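This report introduces the ligand site and the backbone of the structure shown below. The sequence and the model may be consulted alongside the text.

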Amino acid sequence: MKHNIVILISGTGSNMAAIVRAAAADRWAERFGARVAAVVSNKADAGGLAFAQAQGIATAVVPHRDFATREAFDAALAEAIDAHAPSLVVLAGFMRILTPGFVARYEGRLLNIHPSLLPAFPGLHTHRRAIEAGCRVAGVTVHQVTAELDHGPILDQAVVPVLPGDTEAVLAARVLSQEHRLYPRAIAGWLGARR
Ligand code: GRF
């Protein structure tokens, strides 16, 4: 396969599942020579691992608590990733801050999804902060990962309205449904440019 994709998750993995489903439905193997080769988690109890296994996708767990430093964790993570010789590494709800060395290793082939319209609201609690700021719109961003958290060249964005009375959970769900559309589209765009 020309493009092995490795997806990193920490939890539910609904974005990962959306990417796996899109890869099958939109025939990424035939169109781009691409497949999701592995799903790697820093948490053994990440819900998404069972989905990946059920799809016949290789999985690995690298528990961050087993490592004394971020550098040691990132080295073990890179080893698990590189076992699948990926041309693209996709962060999908992967809740660890990565070291500059790790980011440099995958420069230009490391993508992230962030549930805000970057550069607004990098970091955590984006939906609560958007509601508290009185934003009329929120959204989601897919970007290349650089050493600075939630920065880096933007590949694509989707805008989502903030409606009167929205709670953090309601807004998060509205944004998440757009994440599931945007991330596969952005990855297909990345692959299409490298056919
Ligand atoms: C998503 O909102 C993602 O943007 C954020 O964490 C959430 C992960 O959801 N960083 P899932 O694990 O893909 O379901």
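## Basis of the report

A polar contact is a pair of N or O atoms within 3.5 Å; within protein, one must be able to donate a hydrogen and the other to accept it, and residues adjacent in sequence count only if both atoms are side-chain atoms. The model is predicted: local features need pLDDT of at least 70 and side-chain atom pairs count only at pLDDT 80 or more, while totals for chains, interfaces and linings use all residues. Residues are numbered from 1 along each chain as its sequence is written, and side-chain values use heavy atoms, with hydrogens and water left out.

## The ligand and its shell

Oxygen atoms of the ligand have polar partners in the protein: a polar backbone atom of Asn-15 at 2.9 Å, a backbone N or O atom of Gly-13 at 2.8 Å and a polar side-chain atom of Ser-14 at 2.5 Å. Of the 370 Å² of accessible area that the ligand has on its own, the protein covers 80% (Shrake-Rupley method, 1.4 Å probe).

The shell around the ligand (residues with a heavy atom within 4 Å of it) consists of Thr-12, Gly-13, Ser-14, Asn-15, Gly-93, Ile-113, Pro-115, Leu-176 and Glu-179. At least two of the shell residues come from each of α1 (14–25) and α7 (168–192); helices are DSSP runs of H or I with at least four residues, strands are runs of E with at least two, and both are numbered from the N terminus.

## The largest pocket

The ligand sits in the largest pocket, in that more than half of its atoms lie within 2 Å of the pocket's grid points. On a 1 Å grid over the protein atoms alone, a pocket is an open set of points where a 1.4 Å probe fits, with protein on both sides within 12 Å along at least five of seven lines; lining residues have an atom within 4 Å of a point. The lining comprises 36 residues, with Gly-93, Phe-94, Met-95, Pro-115 and Leu-124 nearest the centre. Helix α7 gives the largest share, four residues.

## Backbone features

Most residues other than glycine have a negative phi, and most peptide bonds are trans. Arg-27, in the loop between α1 and α2 (28–32), has a positive phi near 50°. The peptide bond from Leu-118 to Pro-119 is cis, with omega near 10°, and Pro-119 lies in the loop between β5 and α6.
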